[in-house]
Amino acid sequence: IVLQFLIAALASLLHKNLSLRNQVVDLQDEIARLNIGLLACNVSSSIDFRLLETAAVDLYAGQGLKHLSLIASLALLSIPLLVFKYIDLVSKSRSSDAASEEVSLSKQLAYRVDVFLSVHPYSKPLALLVATLLLIILGGLALFGVTSDGLADCLWLSWTYVADSGNHADSEGIGPRLVSVSISFGGMLVFAMMLGLVSDAISEKFDSLRKGRSEVVEQNHTLILGWSDKLGSLLNQLAIANESLGGGTVVVMAERDKEEMELDIGKMEFDFKGTSVICRSGSPLILADLKKVSVSKARAIIVLAEDGNADQSDARALRTVLSLTGVKEGLKGHIVVELSDLDNEVLVKLVGGELVETVVAHDVIGRLMIQCARQPGLAQIWEDILGFENCEFYIQKWPQLDGMQFEDVLISFPDAIPCGVKVASCGGKIVLNPDDSYALQEGDEVLVIAEDDDSYAPAALPTVWRGSLPKDFVVPKSAERILLCGWRRDMEDIIMVLDAFLAPCSELWMFNDVPENEREKKLIDGGLDLSRLVNISLVNREGNAVIRRHLESLPLESFDSILILADESVEDSAIQADSRSLATLLLIRDIQAKRLPYREAMVTSVQRGSFSQGSWIGEMQQASDKSVIISEILDPRTKNLLSMSKISDYVLSNELVSMALAMVAEDRQINHVLEELFAEEGNELQIREADLYLREGEELSFYEIMLRARQRKEIVIGYRLCNAERAVINPPAKAERRRWSVKDMFVVIAEKE
């Protein structure tokens, strides 16, 4: 643009000089001719020649001003060229003379311009504005030099050429046409750059919205930080929990593209029931990203564990908790952190303080597997209680129950089952299965199992006949033989829990590919003292659980329970771990099926636990040739596949962990209840045979059975009929009598034996 403008201006200047010289010569000739004519007519005395000279001088002065304006425009246009040429020469001289590596002046200038454009957000529009003003001013000066118009008119004409390139078509003369074309060409470039800036700004804004960079303006929402395979079942549980409220808002922030997250969530095959899911791309370790999702206004924050290495996942969760505690505005809700290793729980609670509730996924699955190995029917019970589809735990204050004993509170809710009391005088401690004589005090809250938080309320106290138990209850604990296929990081914790639960002289067989001479070292490093094991003895077998000949070396028909663990060597990949577990399960099933006809008859007479051969639990324990097989599955999709094909007796997956996370997110107090039910001491869920509470054919209401169970200090929360497929938790019509069978089963909360 500058070169073109210079050429046009030089050509116009030369043409104008020639034109002015010709005009001066013509004027001089005309003046001489007029003087001669006046002298001839003798009227020269009446003419003021000085007036003519003054007019000529004024005309020459006006032409000089126009020349000056044209020269000024040329000088201003040539200054940038001269500056850049000087910079180039100086840079070349420095690079040739200086021995040291000095940065050239041109590079320094380019760097300064780059920094200015990067640091100042409005630098590009400002530079474009300055360039437009310079073009208008220089064009106006050039037009003033080649036309007879005034300066103001020339500046306005220059603006019209810049704004509309077609306006120069009316220009006359070589000089005005060259200048007007140059101004119009510069104007086209200016408007092209302006359109580019506007287009970039609009594209950047839409790109920001598409990639989830805009701020979330929400309150009382549930915030999920991270992405894992548990997200689908977690969103499903949160949607069910918010259904009674007409739906809620869940915000998911992960280090993934927003469109990919929305696409994956859209593929989830469940009804969101009015709950809206908002995705944002960002890192939970950056405070600016946390503010973008309104972290300070969220009612609950769930930190998901990453798929892969457990230590790295827990380390990232710890850094996320540190970031959350550093939010200046503070947090309205609590933080629910999913951890992979139980050893890291103390550190996370130390950092997060009272804001944090932890759910250790590995530990939850491990303890559930142990409980289900002893009482397999608990798998379905836990799914019903942890999930929001059926009945779950709720805590609420009922002032009208103050002063009432817990025995009466137990039968005061037609649509719920009281399980404990949150004692206000003990700092809000939740007491599961309290004494019958405990009287509710002011401020106490009642823990119940109900369908929803608004589906139950206390009613008038009914008249219930207590009756007497048909027989004394003696815990029949007999020695068991359990097989663990695979090796977990928390193997020492599993061994200690099994030692606390099992009867003396029980055997725990460990079959995995870890060398036997390394197992003891790993267990000791994990904190296990082998000399303190009281009830179990360890039997080590080395082999690969997916090789048939290795499995055939084991007495698979003699085990009471077989637990297939997600092996530590492949736990970083959920699909690979599930494939390995599935292969082990199929091989064990096939080996047991082929050995079944050759088993001695005495094996069929073996009783396991306290359940008879014809009972519900007895039939399930006889499945898989007298062995209950429990598989640990990491991917919920694999769990659904196994459940439909029925090739495994019981499957425990990470879906239960998602249910626990959703429940603790909705009410953090429930975490203390779950911790006690999973622990080695305190209360736990148990399955009892009906003959402990009633006689064959006896007609009783559910309330009457609840009061009979209180004689053993147990709380009956549900039952399963002998011909039913699933248990009923918190049954309706508790006051109606019905005929029971001794083969029916009852689900109770009782102290651990």
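Helices in this tour are DSSP runs of H or I with at least four residues, and strands are runs of E with at least two, each numbered from the N terminus. The model is predicted.

**Stop 1: the annotated spans**

Begin by selecting residues 181-203. This span is 100% helix and 0% strand, and its end C-alpha atoms lie 33 Å apart. Next, select residues 126-146. Here too the assignment is 100% helix and 0% strand, with 30 Å between the end C-alpha atoms. Both spans appear in an unreviewed UniProt entry, which lists residues 68-87, 126-146 and 181-203 under "transmembrane region".

**Stop 2: helix α4 and the nonpolar patch**

Remain with the second of those selections and extend it to residues 123-146, which make up helix α4. Pick out Leu138, which belongs to this helix. Is Leu138 buried or exposed? Its relative accessible area is 12%, so Leu138 is buried. Add Leu155 to the selection: 17 residues separate it from Leu138 along the chain, and the two C-alpha atoms are 8.7 Å apart.

Now display the surface and select Val113, Phe116, Leu117, Leu126, Leu129, Val130, Leu133, Leu134 and Ile137. Together these residues make a nonpolar surface patch of about 770 Å². Which helix gives the most to the patch? That helix is α4, with 6 residues. Helix α3 (105-119) and α4 each supply at least two residues. Val113 is a convenient residue to inspect on the α3 side, as it is found in that helix. With a relative accessible area of 43%, Val113 is partly exposed.

**Stop 3: strand β5 and its two neighbours**

Move to residues 334-339, strand β5, where 6 of the 6 residues are buried. In a regular strand, side chains alternate between the two faces of the sheet. Colour the two sides of β5 separately: His334, Val336 and Glu338 lie on one side, while Ile335, Val337 and Leu339 lie on the other. Both faces are covered, and all of these residues are buried.

Add strand β4 (residues 300-303), which pairs with β5 in the parallel sense over 4 bridges. To locate one of the contacts, select Ile301, whose bridge partner in β5 is Ile335. Then trace the chain from β4 through helix α10 (residues 310-325) to β5; this β-α-β crossover is right-handed.

Continue to strand β6 (residues 356-360). It pairs with β5, again in the parallel sense, over 5 bridges. Leu339 has Val360 as its bridge partner in β6. The connection from β5 to β6 runs through helix α11 (residues 345-352), and this β-α-β crossover is also right-handed.

**Stop 4: a salt bridge within helix α8**

The model contains 31 salt bridges in total. For one of them, select Glu262 and Lys258, whose side chains meet at 2.6 Å, N to O. Both residues lie in helix α8 (residues 258-266), 4 residues apart, or about one turn of the helix. How do the two ends of the pair compare in accessibility? Glu262 has a relative accessible area of 38% and is partly exposed. Lys258, at 11%, counts as buried, because the cut-off for that class is under 20%.

**Stop 5: the network around Asp590**

Finish by selecting Asp590 and Arg548, which form a salt bridge with their closest N and O atoms 2.7 Å apart. This pair links distant parts of the chain: Asp590 is in helix α18 (residues 574-595) and Arg548 is in helix α17 (residues 548-552), 42 residues apart. Both residues are partly exposed, Asp590 with a relative accessible area of 29% and Arg548 at 26%.

Then add Lys594, with which Asp590 forms another salt bridge, the closest N and O atoms being 3.7 Å apart. Asp590 and Lys594 are 4 residues apart in helix α18, so about one helical turn separates them. Lys594 is exposed, with a relative accessible area of 52%. Include Glu552 to complete the view: salt bridges that share partners join Arg548, Glu552, Asp590 and Lys594 into one network.

Note on methods. Residues numbered from 1 in each chain as written. Predicted model: local features only at pLDDT ≥ 70, side-chain atom pairs only at ≥ 80, totals over all residues. Heavy atoms only, no water. UniProt positions renumbered as here; feature names shortened; annotations may be inferred. Buried < 20%, exposed > 50% of the residue type's maximum accessible area, 1.4 Å probe, protein only. Patch = residues over 30% accessible without salt bridge, like charges linked within 9 Å, V, L, I, M, F, W, Y side chains within 5 Å. Areas by Shrake-Rupley, 256 points an atom, 1.4 Å probe, with all protein chains shown as cover. Salt bridge = Lys/Arg side-chain N within 4 Å of Asp/Glu carboxyl O. Pairing = 2+ DSSP bridges. Right-handed = clockwise from strand over helix to strand, strands pointing away.
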